[in-house]
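Colleague: I've got this model open on my screen and I'd like a close look at one part of it. Can you walk me through it in plain words?

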Amino acid sequence: MKNYYMEKTKSCEPIEQSVKSAVDVLLQFDRLSNNPDKEILKQRVKKQLETDGCVTLVMFGCLDWINAKLFTSNPEEFISDITRENDLFMPRVPKINEIVKKLQLNSIAAKVTIILGDTDIDEYFEGILKSAGITLNKQELDMRTNKYRLDFSSRVKRKILSNTEVIYWSKIASLFNDILVDIPESILQDGINSMTRVYTGVNYEKLDLKDDDKAFLNASKKRIGMYARQGEMVNKMLNGIILQTETPWILSSSMLKINSPDLPVIYPWIRSEELGTI
């Protein structure tokens with residue numbers, strides 16, 4: 001891999017100064033002032049600059065779900081086949097560009113990697129839908145998912161001001177299927193509670209699922225295991241730093257870090273009103 005740091009500095013600047021500059025920039029954008037990952041963040045930045053010559057920032061995106069479409073004669077249409085400006089990921093782009101530009105102003109090259117989580121339905125959500133008596137047409141769903149993948153990849157590469165890579169989780173998930181995940185009880189319970197709140201809430205009330213439905217337990221275990229495997233991929237394959245895009249903020253990071261406690265995470269998108277609850 002081309003080492004951008006060595007090309008730009010020609011070894012004239014001690015790497016320690018570049019590490020400090022990069023870490024300072026990232027912490028400026030971290031909304032979690034008591035983030036316990038500050039020390040491992042420094043270690044990861046140093047490793048990235050030494051081995052890759054750039055800071056690798058990793059985020060997760062997801063398919064765009066239009067909940068109301070689940071309860072129509074064509075429930076597959078709840079997966080959008082195009083990206084929307086107000087979906088869950090696109091509003092993150094301006095802040096990503098701010099971070100990249102600030103790193104570049106400090107002579108730090110940046111690479112952005114986005115992992116599109118495109119297997120949620122197969123991995124855990126299909127079981128919930130079956131409990132609610134909803135069956136999806138697999139061929140139609142795959143067609144819509146593929147159109148969304150292509151549109152998402154094209155759009156983020158146009159909008160993000162950096163060397164940007166989009167990875168479809170579906171293309172690499174099988175490489176991590178054999179990884180054992182021992183889910184801590186506290187994370188499992190938090191995962192069940194989070195899933196119960198979402199899928200018995202107003203957006204999904206027509207599913208008519210009960211709080212104690214075993215579908216939540218099974219789906220939570222599968223979902224948490226998926227996150228743990230994704231975290232291990234980011235940690236070992238990408239040597240990455242997570243910019244957390246998903247709520248609940250701390251639970252999402254805890255799931256990613258089950259097998260990868262040395263995976264650093266920062267939180268650029270925590271809202272002011274949320275700070276007192278974390």
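Colleague: To set the scene, among contacts in the protein chain between residues at least 6 apart in sequence, what percentage join residues at least 24 apart? Then please zoom in on helix H8 and helix H10.

Modeller: Sure. This is a predicted model, where local features need pLDDT of at least 70, side-chain atom pairs count only at pLDDT 80 or more, and totals for chains, interfaces and linings use all residues. Residues are numbered from 1 along each chain as its sequence is written, and side-chain values use heavy atoms, leaving out hydrogens and water.

On your question, the figure is 79%, with contact meaning heavy atoms within 4.5 Å. The protein chain has eleven helices and five strands; these are DSSP runs numbered from the N terminus, with helices being H or I of at least four residues and strands E of at least two. Buried residues make up 54% of the 278 residues (buried is under 20% relative accessible area, exposed over 50%, partly exposed in between, with a 1.4 Å probe and protein chains only).

Now your helices. H8 covers residues 185–199 and H10 covers 249–256; their axes come within 11 Å and cross at roughly 130 degrees. Axes here are lines fitted to C-alpha atoms, for helices over the stretch in contact, and angles run from 0 to 180 degrees between N-to-C directions. H8 and H10 are therefore oblique to each other: under 35 degrees counts as roughly parallel, over 145 as roughly antiparallel, 65 to 115 as roughly perpendicular, and the rest as oblique. Their crossing is left-handed, that is, the near helix is turned anticlockwise from the far one by less than a right angle.

Who touches whom? H8 brings Ile187, Asp190, Gly191 and Ser194, while H10 brings Leu251, Ser254 and Met255. Those residues divide into three nonpolar, three polar and one charged. For that split, Ala, Val, Leu, Ile, Met, Phe, Trp, Tyr, Cys and Pro count as nonpolar, Asp, Glu, Lys and Arg as charged, and the others, Gly among them, as polar.

Have a look at the lead-in to H10 too. Pro248 sits in the loop between strand S4 (241–243) and H10, and a cis peptide bond with omega of about -10 degrees joins Thr247 to Pro248. Most peptide bonds are trans. On the other side of S4, Asn239 is in the loop between helix H9 (214–236) and S4. Asn239 is not a glycine, yet its phi is positive, about 55 degrees. Asn239 counts as buried, at 8% relative accessibility.
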